[in-house]
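Biologist: I would like to test the labels on this model. Please take me through the reasoning behind each one.

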Amino acid sequence: MSKHLLNAALAAAARGWPVIPLRPRSKVPALHGERRCPRAGDCKDGHRTFEQRATTDPARIERCWAAGPFNVGIATGPARLLVVDLDTLKPTDTEGTPDGAANFLALCERAGHTVPVTRRIRTPSGGEHLYFTAPDGVRFTNTTGTLTPKVDTRAWGGQVVAPGSITPQGPYTVLDDQPVANLPEWLQKALTAPQRPVMAPVLPALARDTDRYAAAVLHREVAAVATTREGGRQAELLRAVRAVGRFVAWGDLDRATVEAAFTCGGESAGLPPAECRATIRKALDYSIRTAWPRRTA
């Protein structure tokens, strides 16, 4: 295993991505923190962080991985990477909750884009890491759920586990070995936009067999309506309901549930209940009447 892990570290370094050792079969860095810094070796002139100690030097990497079967961490900031982490559901999550992949797909669609094609890594839990090259002049940091629930990002101050590493749950593997894409401009804007406080409406419970992607789109569109300020609320409600209407036409979402959810969102934004109901009914009627056939593989 040590040779395999050494090769994984060298492969990442060959791409120009500085690496650090992680504890064997773990995601935790094997380097000391500031509180336990010996002030010797690399730290003789003061504590050096994991980002400062990360390296692409093959000789140094070989010495390190000769000492043990360390997993491989990539220091995303020094590597000029921003990695989007699509989380899977946890046992504590409510049944039917959209996972990171469904939420990210809904986020891309709402922005008018497809999911970007780039290097993708499968995590042992079944999640995914999407690698992007960060633009010059912008110092992104880690985020947790900023883009959308169950979607995190790793940049400066963070690290990701490189493929070839293994945990008790399984290995990290390359899912799609595409060239690393530049971080799309629309994602850059989403990550740097001021975050408004979100007053999440209490939505009606969805049926247990509800399609996860349809549920993710519904939750995101209702949240968008709920946080719209005066002056554009009715237009946003009309747009959002039309965006969801196709799922009602396809049978993925129940019409009464969608109407109730958007009524909650519209009222949270301050629209009168009667106005909400009229707008929702008109938008759904239009969407159901004009919905295109579901595309099949």
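Modeller: What follows sets values from a predicted model against the rules that name them.

Biologist: Why are α4 and α6 called oblique to each other?

Modeller: Helix α4 (residues 100-110) and helix α6 (residues 212-226) pack at an angle of about 55 degrees. Roughly parallel needs an angle under 35 degrees, and roughly perpendicular needs 65 to 115. The angle of about 55 degrees fits neither class, so the pair is oblique. The axes are 8 Å apart, and the crossing is right-handed.

Biologist: Which residues make the contact between α4 and α6?

Modeller: Ala102, Asn103, Leu105, Ala106, Leu107, Glu109 and Arg110 come from α4. They meet Arg212, Tyr213, Ala216, Val217, Arg220, Glu221 and Ala224 in α6. By class, that contact has eight nonpolar residues, one polar and five charged.

Biologist: What makes α6 roughly antiparallel to α7?

Modeller: Here the angle is about 175 degrees, with the axes 9 Å apart. The cut-off for roughly antiparallel is over 145. The α6 and α7 pair therefore earns the label. Helix α7 covers residues 233-249.

Biologist: What is the make-up of the contact of α6 with α7 by class?

Modeller: Eleven residues are nonpolar, none is polar and four are charged. On the α6 side, the contact includes Tyr213, Val217, Leu218 and Val225. Among their partners in α7 are Leu237, Ala240, Val244 and Phe247.

Biologist: How do you know that Arg212 forms a salt bridge with Asp99?

Modeller: The closest N and O atoms are 3.9 Å apart. The rule asks for a side-chain nitrogen of Lys or Arg within 4 Å of a carboxyl oxygen of Asp or Glu. The Arg212 and Asp99 pair therefore counts. By this rule the count comes to 15 salt bridges.

Biologist: Why is the pair of Arg212 and Asp99 said to tie parts together?

Modeller: Arg212 lies in helix α6, while Asp99 lies in the loop between β3 and α4, so the pair links parts that are 113 residues apart in sequence.

Biologist: Now the strands. What makes β3 and β7 a pair?

Modeller: Pairing takes at least two bridges found by DSSP. Strand β3 (residues 81-86) and strand β7 (residues 151-154) have four, so they pair. These strands run antiparallel. Leu86 stands opposite Val151 in β7.

Biologist: How do you know that β6 and β7 pair?

Modeller: Three bridges join strand β6 (residues 143-148) to β7, in the antiparallel sense. Thr143 stands opposite Thr153 in β7. Two residues lie between the strands of this hairpin, and Lys150 takes a positive phi near 70 degrees.

Conventions. Residues are numbered from 1 along each chain as its sequence is written. This is a predicted model: local features need pLDDT of at least 70, side-chain atom pairs count only at pLDDT 80 or more; totals for chains, interfaces and linings use all residues. Side-chain values use heavy atoms; hydrogens and water are left out. Axes are lines fitted to C-alpha atoms, for helices over the stretch in contact, and angles run from 0 to 180 degrees between N-to-C directions. A crossing is left-handed if the near helix is turned anticlockwise from the far one by less than a right angle, and right-handed if clockwise. Contact means heavy atoms within 4.5 Å. Ala, Val, Leu, Ile, Met, Phe, Trp, Tyr, Cys and Pro count as nonpolar, Asp, Glu, Lys and Arg as charged, and the others, Gly among them, as polar.
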